Amino acid sequence: MIYLLIILVISFMLNLFFIKYDILPYLTPSIRKRVNKSKNKKRNVDELEQLILKASISILKSKKSIMSWNTGGSYSKIIETVSSILNKRSKKDFRNYNYPRGYLLSGLSEYLISTDDNDNLLILKDYFDKYYINDIGDPLFTLDKVDQSLFGIASINLYKTFKEDKYLFFAKIIYNFIFNNYSKNKLVTYRDNSKNELNDTIGMIVPFLVRYYQLTNEHEALRIADNQLRFFTKYGIDKHSFIPSHGINLINKIKVGSSNWGRGIGWYFIGIKDIYCLNGDFENEYIGLSKTIENLQNEEGLWGQFPGSKDDFDASTSTMFLYCLSKEFISREEILVKLDDYISKSGFVLRTSGDTASLNYYSSFSGKSELSQGVLLMILSRYK
């Protein structure tokens, strides 16, 4: 009887894990979508915007990453979860000092400044001072990946607002990290000793480099950003649609990875947009890609994880595209109305596909994410 009870308990626990990690991640988004669509009317856009801000502040205060770091490459999310615990992707520092949190900080800082929300801006400042920077401007984390360049955007915004030199010093450290990476190969690589260059790098460093140039007039920063884009534009995009492949093999310069991964297109699109808005360069690429993106909208006027082949809504793809397209393409009100079905009652943006492990290894799971939350705030700040 004792052995039977042990077997029953183990079986019960395994079934709970199976339901939690393999069933609910697939059912919950569909249920939420149906519940939201069954609402009698859309929410007031002003109230919805405040809910989004409130949720973003709560993510900041939680100091815990909400992005799905399970890639979904296995048939079972249980296997993915156990695997993530056994490797570096589960480490707290890897998650908390990475691009999702970077975009949240960037989006919050730009939104709060644009709305003169000093109370919440002080909350952001206190958080940044406690977890990211010391009194003289040195990072309170190991600076070892290009994803962390995004923290420099928040630091630049804080410097322009509070005029404290430590924020400028922090931004300079980020710039020097990028410059040293660039100096090795005259190209900033996504990871050291990588055989492939990924379009992720563009979305991580170009937004920072443009803002750093605007603040300091450091022309080398702009040259690095320009060189990064010219390399990818020469070898990594389709000349007809202007859609980028996920990566470029550095040895033979062939395109590698998915040719229609939405978030990857977004990484490239963000870089092209920032440079085009700065000085008009890459006009053909920006306008051409914009037209392609407009033509790839799904029935809801949004985009999926793999536009053109998997069109079920993906928050990271959709928010990135909306951020990069011209303000004249869509109004603030239209954006919030379209996204209403995919924003929780508490203001959390839902349905962001999980982190990508590598080329051709994309996540099949989705959920909340600092990335989409931050990019949406960046979008809303443009209309203030």
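## A first look at this predicted chain

In this protein chain, residues 24 or more positions apart make up 72% of the contacts that have a separation of 6 or more. Please keep in mind that the model is predicted. The chain holds 15 helices and seven strands, and 55% of its 384 residues count as buried. Here are some spots to visit.

**Helix 5 and what follows**

- Helix 5 covers residues 99-114, and at 1.5 Å a residue its 16 residues should span 22 Å. The C-alpha atoms at its ends are 22 Å apart, which agrees with that expectation.
- Of the 16 residues in helix 5, 14 are buried, so the rest of the structure largely encloses this helix.
- Just after helix 5 comes aspartate 116, which takes a positive phi of about 55 degrees.

**Helix 6 against helix 8**

- Two packed helices are described by the angle between their axes and by the distance between those axes.
- Helix 6 (residues 118-131) packs with helix 8 (residues 165-185) at an angle of about 55 degrees, and their axes are 13 Å apart.
- The two helices, 6 and 8, are therefore oblique to each other.
- The crossing in which helix 6 passes helix 8 is left-handed.
- On the helix 6 side, Lys125, Phe128 and Asp129 take part in the meeting, and on the helix 8 side their counterparts are Lys166, Tyr167 and Phe170.

**The loop from helix 8 to strand 1**

- Lysine 186 sits in the loop between helix 8 and strand 1 (196-198). Its phi is near 55 degrees, a positive value in a residue other than glycine.
- Asparagine 193 is found in the loop between helix 8 and strand 1 as well, and phi of asparagine 193 is near 60 degrees, again positive in a residue that is not glycine.
- With a relative accessible area of 80%, asparagine 193 is exposed.

**Cysteines and disulfides**

- How many disulfides does the count come to? The count comes to zero.
- Why is cysteine 277 not bonded to cysteine 324? The closest cysteine sulfur to that of cysteine 277 belongs to cysteine 324, and at 8.9 Å it is too far for a bond; a disulfide would need the two sulfur atoms within 2.5 Å.
- Seen from the other side, cysteine 324 is in no disulfide, and its nearest cysteine sulfur is that of cysteine 277, 8.9 Å away.
- Are these two cysteines buried or exposed? Cysteine 277 counts as exposed at 53% relative accessibility, whereas cysteine 324 is buried, with a relative accessible area of 1%.

Conventions:
Residues numbered from 1 in each chain as written. Predicted model: local features only at pLDDT ≥ 70, side-chain atom pairs only at ≥ 80, totals over all residues. Heavy atoms only, no water. Helix = DSSP H or I, 4+ residues; strand = E, 2+ residues; numbered from the N terminus. Expected span 1.5 Å × (residues − 1). Buried < 20%, exposed > 50% of the residue type's maximum accessible area, 1.4 Å probe, protein only. Axes fitted to C-alpha atoms, helices over the stretch in contact; angles between N-to-C directions. Parallel < 35°, antiparallel > 145°, perpendicular 65-115°, else oblique. Left-handed = near helix turned anticlockwise from the far one by under 90°. Contact = heavy atoms within 4.5 Å.
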